[in-house]
Amino acid sequence: METRESLIEVEKLTKHFKVGKNQVLHAVDGISFTIHKGEALGLVGESGCGKSTVGRTLLQLYHPTSGEIKFEGKKLKIDHSSDDAKQYRREVQMIFQDPYSSLNPRMTVLEIVSEGLLIHQPNMSKEERRENVIELLELVGLNRNHANRYPHEFSGGQRQRIGIARALAVQPKFIVADEPIAALDVSIQAQIVNLLKKLQKEKELTYLFIAHDLSMVKHISDRIAVMYLGQIMELAESEELYSQPLHPYTAALLSAIPLPDPNLERKRERIILTGDVPNPINPPSGCRFRTRCPQAMDICSQKEPIWKEVQPNHFVACHLYQNSELVKKETLLTKG
Ligand SMILES: Nc1ncnc2c1ncn2[C@@H]1O[C@H](COP(=O)(O)OP(=O)(O)OP(=O)(O)O)[C@@H](O)[C@H]1O
Ligand code: SF4
Ligand SMILES: [Mg+2]
């Protein structure tokens, strides 16, 4: 039985963009998943597969083409001027990939971090706001002397800390971290991941943590969703996804991560995916991964695989698993 409380429920979410002359780009195409309260859900996939579009749609920066998003059990409405929408904009925040372009170069750190407070807590005095910002800077590993400086005076890692302080200022419940470490030096990446983990615990935050490859999300994600060409192919607990990947795409992504043990690394089989990712304007029929899948069968071009829970809390969309029967605990209980 599912006992974890959900913060966000996504049902058949689709986001299409009109491009060129009457063409439709299928950026996100009918995905369903849940984000539990207090968890970090990793979202992984190659460039252009729709990760940022998912994040932006969840934050209502894009209107979904179809489908439904529920936050704390309540369906999100399109009306941006309502009080609910204003509250939602406070409760959900984003941390961006590029700590260089995402901070306004003409604003001081104090101004950047207090912007959200000005909007959402307009009655706060200037002094209170300043104290609040200084507390936040200290929380993310900066200090009060940084408040009056400008973004160009900071390193990439420090700028990302400013971006994190800005996101935290309005006390959000949910944060979309869109490749927050991809632009940073490898040596700094672990520091930022550790900071995000620490903040998650202290502030009881829920994260959608977006990354290109599986190695980057491993240390932060409780569960991981693997995306390909606008759809989620597999979703499972991180440990299970690493140790027992079911979808051929996940298996290929995992096989590309070098193993630390050189002996194991030499023996290990690498799954090389051939061909390019197809154009999202005209995705392949049936299973979208079939043009690159080493295990593709006839049915894969004819029928779209159903998104299915094939083991408890392990979802996959692939014809290799369509007939496996999941015996759920609650079924056993009701029968017993
Ligand atoms: N505003 C837009 N208008 C038209 N097409 C868009 C728009 N935003 C994204 N797309 C397209 O939608 C698809 C998904 O883009 P998205 O940015 O969500 O991918 P991504 O997985 O975040 O990629 P990356 O890893 O490179 O950041 C891409 O084909 C992209 O070109
Ligand atoms: S449905 Fe077919 S093509 Fe798609 S991943 Fe599974 S085996 Fe490969
Ligand atoms: Mg992106």
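Tutor: A helix here is a DSSP run of H or I covering at least four residues, and a strand is a DSSP run of E covering at least two. The model we are reading is predicted.

Student: Why are β1, β2 and α1 called strands and a helix, and what makes them part of the surroundings of ligand 1?

Tutor: β1 spans 6–19 and β2 spans 23–36, while α1 spans 51–58, so these runs satisfy the minimum lengths of two residues for a strand and four for a helix. Each of the three supplies at least two residues of the shell around ligand 1, and α1 gives the most, with three residues.

Student: How do you know that S47, K51 and T53 make polar contacts with ligand 1?

Tutor: The cut-off for a pair of N or O atoms is 3.5 Å. An oxygen atom of ligand 1 is 2.5 Å from an N or O atom in the side chain of S47, and for the side chain of K51 the corresponding separation is 2.7 Å. For T53, an oxygen atom of the ligand lies 2.5 Å from a side-chain N or O atom, so these three pairs fall within the limit and count as polar contacts. Taken alone, ligand 1 exposes 630 Å², of which the protein buries 67%.

Student: What makes R290 the charged member of the shell around ligand 2?

Tutor: That shell has eight nonpolar, three polar and one charged residues, and R290 is among the residues that surround the ligand. Arg belongs to the charged class, so R290 accounts for that single charged entry. The space taken by ligand 2 is the largest cavity.

Student: How do you know that β1 and β4 are paired?

Tutor: Pairing requires at least two bridges between the strands. β1 and β4 (residues 66–71) are joined in the antiparallel sense over five bridges, so the requirement is met. In this pairing, E11 stands opposite E68 in β4.

Student: Why are β2 and β5 called edge strands?

Tutor: The open sheet has four strands in the order β2-β1-β4-β5, with antiparallel pairing. β2 and β5 (74–75) each pair on one side only, and that is what the name records.

Student: What makes β11 and β12 a pair as well?

Tutor: β11 (residues 308–311) and β12 (residues 314–316) share three antiparallel bridges, so the minimum of two is again satisfied. Q311 has H314 of β12 as its bridge partner. Their hairpin has two residues between the strands, and N313 takes a positive phi near 60°.

Technical notes. Residues numbered from 1 in each chain as written. Chains lettered and ligands numbered in written order. Predicted model: local features only at pLDDT ≥ 70, side-chain atom pairs only at ≥ 80, totals over all residues. Heavy atoms only, no water. Polar contact = N/O pair within 3.5 Å; in protein donor to acceptor, adjacent residues only side chain to side chain. Areas by Shrake-Rupley, 256 points an atom, 1.4 Å probe, with all protein chains shown as cover. Near = heavy atom within 4 Å. 1 Å grid on protein atoms, 1.4 Å probe; cavity = no way out; pocket = protein on both sides within 12 Å on 5 of 7 lines; lining within 4 Å. Sits in = over half its atoms within 2 Å of the grid points.
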